[in-house]
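Reader: Please take one part of this model and go through it closely. I would like to start at the loop that carries the residues around the metal and work outward from there.

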Amino acid sequence: MTTPVMARAAGEVGVVVAELDIGPAWLVDPVTGREGPGEIVVRDGVVEAVTWLDGSEAAGADAGGVVVAPGFVDLHAHLREPGDEDAETIATGLAAAAHGGFTTVCAMPDTTPALDEPGVLARVRAAALASGSPVELLAHGAVTVGRAGAQLAALGELADAGVVGFTDDDAPIATAAILRNALAYAGALDLPIIDHAEDRGLTAGAEAHDGYVATVLGLRGWPAAAEESAVARDLAALADVVRDVPAARLHLTHLSTAGALDLVRRAKAAGLPVTCDVTPHHLALTDSWLAGARSWAWDEGADPWTDGAIAAAPYDPGLRVVPPLRSAADAAACLAALADGTADAVGTDHAPHTSVDTDVEFGAAAPGIPGLETALGVLLAAVDAGRLSLARAIAALTVGPGALIGGRSRRRSFGLAEGAPADLVVFDRSDSWTVLSDALASKGTRSPFLGRELRGRVLLTVADGRLAYENA
Ligand SMILES: [Zn+2]
C-alpha cells in the first residue's frame, strides 16, 4: 500500500480531527470539475488549504493510487430503526456508511412505525446522536400515512421538522391522484417526491427479471414494463403539475431498465424537473447471477450456461432485490445513463436483513442487500474496466445527490472547499480488500459480493471535521 497520506489525527470515532496533512495524492473536486495531484491540510476539523501541485511536487500522486474526494452522499438507505433493529440500527448503519466513504446518508421512511410524522424523525435523530457517529443522518418522510397509499401524510409538518424528501419506498406511490397532490404540495415546500417506480399489477408473485434466465430457472417473471409504465405515469403527472407548481420535482430511485432510463433521458431533454439514481448492483450485476454466473455485467457473454460463466450454485436468495437484477443490456444502460448524466446519482438502496429473512428459498427471500460498504468498490470496478470515468463516479456520489438535498444538509459544499468543516474520504485504488462478513460494519452481511476482492480500500473518512472511519 502506498501511503503518502498523512500525519494522522488518529483517535476515536467522533473526535475532531485536530491535525491532518494529506498528500501528495490525487484530488477529485466535483464542484469545480478539477482533478489532479494536490495536498489538503486540515486543522481543528476545518479544511485550511487545498493546494494543487504540478511538476516535481506532484511526484507519486496519480489517479491509480491514493485518491481524496468529498465525503459521499447516499439518497437511499434503509437503516431499519425504529422497528427492525435485528437487521440494522442507526449506529451500525452509520458505521457502515463511514466504512464505505459516505458522510451524508438519507434514511428511508419504511421503518416501524413509518416516518410519517415528526415524532419518528426525532427518534431517528436521537439514535444518530447517541451513536457518536459524525456521519450526517438525514431522512425522507413518507408520502402517505403509514405508507399505506391512501391518505397524504402531514407533508408540511415533516418539512418543518427537516425531512429532505418524501417517498413511500419500498412501495410505489399508490395512485396517480396521490402522486399529483404530493408533487404539488411537496413542490410548494421546495422538496422532491422520490418514487419507487413499479406497477404492482404486473409484479404480483414475480421473482426475477422476465427473460431467458427466469424462463430456464422456472422463476416467475418481473417484466421491464412494470417499471417503464410506472415511470411513464410519473412523468405524465409531473408534466401536468409543473404547469401550476413550477417548483415541483420528481426523483425516480433505483431505475433498472433501458426503457425507463430512456424515458427519463427524453423527459430531461424536454425540460421536465426530473432526476434519477441507479444502484451499483443494477449496473454491475445481471440476472445471470441467479443462474450462478459471477462475472461483472460488462464482461458477460450471451448465455451463462454455454459461456462457462457458472461459478456458483443457482437460486442464491441473497441476490433477490427489487427491482430485480436485469439483463446485460439493462445493466449496460444503467452504466451508460450514469456516464452521460441521465442518472444524476448513485443510490445504494442499502437494505440489510437478518439471516432468518434471507436463508430461505429464492422466491421467499426478503428482497434487498447491504450496499453502503461495497458501492465505491463496485463503481471502481467499472472505472477500472474503462466503462466510467473516476470523475463521473465521484460526481454521482457527491454533487449529484447533493443537488437534490441542497440546503437541507449541514454541509456548505459537496466539493473540496477551503474554510469549511472537513467532509472527505481518502481511498487507495492500488489496494484491495476482500468482502467478508466480519469485514462489514453493517449487520446485513448477505452481500452478493461476499468473497470478492474490491479495489479502492477506504483509508479514512472524515465527516463534519470529525473522524468517522480510519482503516487500522
Ligand atoms: Zn425501492
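Author: The model is a predicted one. A starting point is Asp 170, which sits in the loop between helix H3 (155–161) and H4. The peptide bond that joins Asp 169 to Asp 170 is cis, and its omega is about 10°. Most peptide bonds are trans.

Asp 169 is also a ligand of the metal: the protein donors of the zinc ion are Asp 169 through OD, His 196 through ND1 and His 254 through NE2, at 1.9 to 2.3 Å from the ion. Along the sequence these donor residues follow the spacing D-x26-H-x57-H. His 196 belongs to strand S9 (residues 193–196), while His 254 is in the loop between strand S12 (250–253) and helix H7 (258–269), so this pair ties together parts 58 residues apart in sequence. Both histidines, His 196 and His 254, are buried.

A salt bridge involves the segments that lead into S9 and S12. The side chains of Arg 249 and Asp 190 meet there, with an N to O distance of 3.6 Å. Arg 249 lies in the loop between helix H6 (224–242) and S12, and Asp 190 in the loop between helix H4 (176–188) and S9, so the pair ties together parts that are 59 residues apart in sequence. Arg 249 has a relative accessibility of 23% and therefore counts as partly exposed.

The search of the whole structure finds 23 salt bridges. Another one of them joins Asp 234 and Arg 233, whose closest N and O atoms are 3.0 Å apart. Asp 234 counts as buried because its relative accessibility is 0%, whereas Arg 233, at 25%, counts as partly exposed. Salt bridges also link Asp 262, Arg 265, Arg 266 and Asp 340 in a network.

A further salt bridge is formed by Arg 410 and Asp 464, with 3.9 Å between the closest N and O atoms. This pair links distant parts of the chain, 54 residues apart: Arg 410 is in the loop between helix H14 (399–405) and S15, and Asp 464 is in the loop between S16 and strand S17 (466–470). Arg 410 is partly exposed, with a relative accessible area of 36%, and Asp 464 is partly exposed as well, with 27%.

The loop between strand S15 (424–434) and strand S16 (453–463) holds Val 435. With a relative accessibility of 0%, Val 435 counts as buried. Its C-alpha atom is separated by 34 Å from that of Glu 418, and the two residues are 17 apart along the chain.

Next come the aromatic side chains. There are 4 aromatic pairs in the count. Phe 72 and Phe 102 make an edge-to-face pair, with 5.6 Å from centre to centre and 75° between the planes. Phe 72 lies in strand S6 (residues 72–77) and Phe 102 in strand S7 (residues 102–107), so the pair ties together parts that are 30 residues apart in sequence. Phe 72 counts as buried at 0% relative accessibility, and Phe 102 counts as buried at 1%. Elsewhere, Trp 296, Trp 298 and Phe 449 form one aromatic cluster. Arg 452 lies over the face of Trp 296, at 4.7 Å from the ring centre.

On the surface, Tyr 212, Val 216, Trp 305 and Ile 310 make a nonpolar patch of about 360 Å². Of these residues, Trp 305 is in the loop between helix H9 (288–291) and helix H10 (328–340). Trp 305 counts as partly exposed, at 34% relative accessibility.

Some backbone details remain. Tyr 315, in the loop between H9 and H10, has a positive phi near 65° without being a glycine. Tyr 315 counts as partly exposed at 35% relative accessibility. Asp 349 is another non-glycine residue with a positive phi, about 50°, and its place is the loop between strand S14 (345–346) and helix H11 (355–358). Asp 349 is buried, with a relative accessible area of 9%. Most residues other than glycine have a negative phi. A cis peptide bond also runs from Glu 81 to Pro 82, with omega near 5°; Pro 82 lies in the loop between S6 and helix H1 (90–99).

Terms used: Residues numbered from 1 in each chain as written. Predicted model: local features only at pLDDT ≥ 70, side-chain atom pairs only at ≥ 80, totals over all residues. Heavy atoms only, no water. Donors = N, O, S within 2.8 Å, 3.2 Å for Na, K, Ca; no water. Helix = DSSP H or I, 4+ residues; strand = E, 2+ residues; numbered from the N terminus. Buried < 20%, exposed > 50% of the residue type's maximum accessible area, 1.4 Å probe, protein only. Patch = residues over 30% accessible without salt bridge, like charges linked within 9 Å, V, L, I, M, F, W, Y side chains within 5 Å. Areas by Shrake-Rupley, 256 points an atom, 1.4 Å probe, with all protein chains shown as cover. Salt bridge = Lys/Arg side-chain N within 4 Å of Asp/Glu carboxyl O. Phe/Tyr/Trp six-rings, centres within 6.5 Å; stacked < 30°, edge-to-face > 60°. Lys NZ or Arg CZ within 6 Å of the ring centre and 35° of its normal.
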